[in-house]
Amino acid sequence: MKYYSTNNSDLRVSFQDAVFHSLPQDKGLYMPENIPQLDPYFIRNIQQYSFQEIAFTIAKAVIGTDIPENDLKRIVYDAIDFDAPVKFLSPEAAVLELFHGPSFAFKDFGARFMSRIMGYFSKDGDQLLDVLVATSGDTGGAVALGFLGVEGTRVTILYPKGKVSKVQEDQLTKNGNNIRALEVNGSFDDCQALVKQAFNDPLLNKELRLTSANSINIARLLPQTFYYFWAYAQLRAQGMKEVVFAVPSGNFGNIGAGLLAYKMGLPVHHFVAGTNVNDTVPRFLETGEYDPRSSKQTISNAMDVGNPSNWVRILDMFGEDRESLKELLSSYAFDDEETKAGMQELYEEFKYVACPHTAIAYLAAKAYRKVHPGEYASVFLSTAHPCKFPEAIAEEIYKDVKFPKGAEDWAGKEKQVTELDVNYEDFRSYLLHLPRHRKFVEKL
Ligand SMILES: *Cc1c(COP(=O)(O)O)cnc(C)c1O
């Protein structure tokens, strides 16, 4: 399967090129040159398949022969080795829990899949693949744990000192092996600027094989379609036919994958994007004017995005036509007070402890049902385990958080981190002093 840039459909590259160069030169985003249509027989009988079987079927359709079937199967089965269960809170509302992976957030799906794809395409070279990533929390943990132990790869994570939660910091700094953490005396924007400068540095690019683990990478988007099909399979197994998905949205990658799944043939009645006060998309759907603003800080901070980077993909799938998009997608924004009330309501009515992002999806599902009552299941996506957000959740709710298996393991591990000032020369020198040759590194 070839991939084209949303800014120039004549520009076609291989899957491998799209993976290693997240961004086309023309600043568009890569999309598959034709969206594969899944076999209607497969969809009708989807409840007979396992999550991994479903994931593999989709991966084969959208990647094609670029990776031989047996290798692709190994990659998919290895990446998707944890569940995404649908749990009903009431007869008409269910939560799709996407936080059962190693970093307790849905970004594990994208990061684990991408790491194995990159490892696969780098298996023959002599040089290590150096993945650079700046994080404000969730992305870094998923990328660190996704790439941990993947042969031929090494990850350097930059995060702002004192600005990530305890669980997040553990996930960034306690891995060792092929993962390195740099604690930057600055902001997330400083971290991002350092990484960006490194990617544009000719000397570094000559000496190292640099790549980004950016959220717009096509290899992160594709595996996020898997769980929409798997959720549908679980609903079908319970005899439900119509589904509305509500998705807490920041960069709109998650819901973009849902819309891609729909385009592949998944029967979905409607999608609802919940946002925090960073409401560029709900305003666009309402007014037709795309007017991005600089991001505002909220308690659902993984969604603090003023100009969602995946939005162009969504417009592209709908031929830039807002009217046809609106038939399938609604969007509602909620402020921090509403988000807190949503967490409270989930806790009081259903004894369900949710992170703030998940609460926004819950509120969005409810808002849609209020205007469009009907016989369908509202499935809201839970994007992170609440244990990752102690500051955002009221104490009397947080005390009921059950830490997932694996969370306690971090306590016994040693933090390994290098401090870095916001100084590009220091960062560059750090990178240039890393061992180069993969054989040399593997012997260490
Ligand atoms: C990244 C993230 C989101 C936003 O997902 P997008 O794909 O950027 O829309 C929502 N919730 C959590 C917990 C996240 O980490």
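What follows is a short chat about this predicted model.

Student: Ground rules before we start?
Tutor: This is a predicted model, where local features need pLDDT of at least 70, side-chain atom pairs count only at pLDDT 80 or more, and totals for chains, interfaces and linings use all residues. Residues are numbered from 1 along each chain as its sequence is written, and side-chain values use heavy atoms, with hydrogens and water left out.

Student: How many residues surround the ligand, and which are the closest?
Tutor: 15 residues surround the ligand. The closest are Lys 107, Asp 138, Gly 250, Asn 251 and Thr 383. To count as near, a residue needs a heavy atom within 4 Å of the ligand.

Student: What classes are in that shell around the ligand?
Tutor: Six nonpolar, seven polar and two charged residues. Ala, Val, Leu, Ile, Met, Phe, Trp, Tyr, Cys and Pro count as nonpolar; Asp, Glu, Lys and Arg as charged; the others, Gly among them, as polar.

Student: Which ligand atom does the Thr 383 side chain meet?
Tutor: A nitrogen atom, 2.8 Å from a polar side-chain atom of Thr 383. Backbone N or O atoms meet ligand oxygen too: 2.9 Å for Phe 252, and 3.1 Å for Gly 253. A polar contact is a pair of N or O atoms within 3.5 Å; within protein, one must be able to donate a hydrogen and the other to accept it, and residues adjacent in sequence count only if both atoms are side-chain atoms.

Student: How much of the ligand does the protein bury?
Tutor: 96% of the 380 Å² that the ligand exposes when taken alone. Those areas come from the Shrake-Rupley method with a 1.4 Å probe.

Student: New topic. How many disulfides?
Tutor: Zero. A disulfide needs two cysteine sulfur atoms within 2.5 Å.

Student: Why no bond for Cys 355?
Tutor: Because the closest cysteine sulfur, in Cys 387, is 9.9 Å away from the sulfur of Cys 355, too far for a bond.

Student: Is Cys 355 buried or exposed?
Tutor: Buried, at 0% relative accessible area. Cys 191 is also buried, at 0%. Buried means under 20% relative accessible area, exposed over 50%, partly exposed in between, with a 1.4 Å probe and protein chains only.

Student: Where does Ser 122 lie?
Tutor: In the loop between helix H5 (107-121) and strand E6 (129-134). Ser 122 is buried, at 2% relative accessibility. Its side chain reaches the backbone oxygen of Met 118 at 2.5 Å.

Definitions and conventions:
Helices (H or I, at least four residues) and strands (E, at least two) are DSSP runs, numbered from the N terminus.
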